[in-house]
Amino acid sequence: MSQVSMAYAQGLLELAKEADSVLSYKEEIDQIKEVYLQNSELKSFFASAKISKDTKKELIEKAFKGKVKVNVLNFMKLLVDKGRMNLFLEIANDYHALSNVLLGIREGVVETARPISEEEITKLEKALSNDKTVVLKPRINETLISGFKVIFDDEVIDHTMKDKLEGLKTVLLERK
């Protein structure tokens, strides 16, 4: 997180707040980020000094017009005009984090040994929600035996058999 990317993210957040669209901007920026990550040539395209800013903005217009709000589209064009598309992923991540704070959302990952249903994820999210809304993304961790592990940026909640066995091992080794 650089000061420049954070400044752009904060600017977009202010724009989103004025439009009462913080969540929809977040979803749209995430959508653009996914496209950007899935297409390796885009980074080279936007980094190229041989391609004019107008051509770059035309691509943004063709790719996203009607799919994202006008302000989000214009924000992307602004990044091209200011030569900041190299910071887009960082700006997108910063905006995502800022909007989560504003919206009271805490994101995490739930690791399980086997696939977990949407219903189970929803129950877990509700159980972990207190003053913030918890949103969990599932991830398979084949090293787990059973149970689950929830990982947030600043906290790990480990309810796995692997963790319980490690604790038992520690207790047994201490008795020797």
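The second largest pocket of this predicted model encloses a volume of about 190 Å³. About 490 Å³ of space lies in the largest pocket. The protein chain that holds these pockets contains eight helices and four strands, and its radius of gyration is 21 Å, where a compact globule of 176 residues would have one near 16 Å.

**Second largest pocket**

- The residues that line the second largest pocket are Leu23, Lys26, Glu27, Asp30, Lys33, Glu34, His96, Ile105, Glu107, Val135 and Lys137.
- Helix α2 (22–38) and the strands β1 and β2 each contribute at least two residues to this lining.
- With six residues, α2 provides the largest share of the lining of the second largest pocket.
- By residue class, the lining of the second largest pocket comprises seven charged, three nonpolar and one polar residue.

**Largest pocket**

- The lining of the largest pocket consists of 18 residues.
- Nearest the centre of the largest pocket lie Asn100, Arg106, Glu107, Gly108 and Asp153.
- Two or more residues of this lining come from each of the elements α6 (88–103), β1 (105–112) and β2 (133–140).
- Seven nonpolar and seven charged residues, together with four polar ones, make up the lining of the largest pocket.

**Elements named in both linings**

- Glu107 belongs to the lining of the second largest pocket and is also one of the residues nearest the centre of the largest pocket.
- Strands β1 and β2 each give two or more residues to the lining of the largest pocket, and each supplies at least two residues to that of the second largest pocket.

**Order of elements and overall dimensions**

- Read from the N terminus, the order of elements in the protein chain is α-α-α-α-α-α-β-α-β-β-β-α.
- The C-alpha trace extends over about 70 × 35 × 30 Å along its principal axes.

**Burial, contacts and surface**

- Of the 176 residues in the protein chain, 34% are buried.
- Where contacts join residues at least 6 apart in sequence, 64% of them link residues at least 24 apart.
- The exposed area of the protein chain is about 11,100 Å², of which carbon and sulfur atoms supply 53%.

Definitions and conventions: Residues numbered from 1 in each chain as written. Predicted model: local features only at pLDDT ≥ 70, side-chain atom pairs only at ≥ 80, totals over all residues. Heavy atoms only, no water. 1 Å grid on protein atoms, 1.4 Å probe; cavity = no way out; pocket = protein on both sides within 12 Å on 5 of 7 lines; lining within 4 Å. Points joined across faces, edges and corners; volume = space filled by probe spheres on them. Nonpolar A, V, L, I, M, F, W, Y, C, P; charged D, E, K, R; others polar. Rg over C-alpha atoms; globule rule 2.2 N^0.38 Å. Buried < 20%, exposed > 50% of the residue type's maximum accessible area, 1.4 Å probe, protein only. Contact = heavy atoms within 4.5 Å. Areas by Shrake-Rupley, 256 points an atom, 1.4 Å probe, with all protein chains shown as cover.
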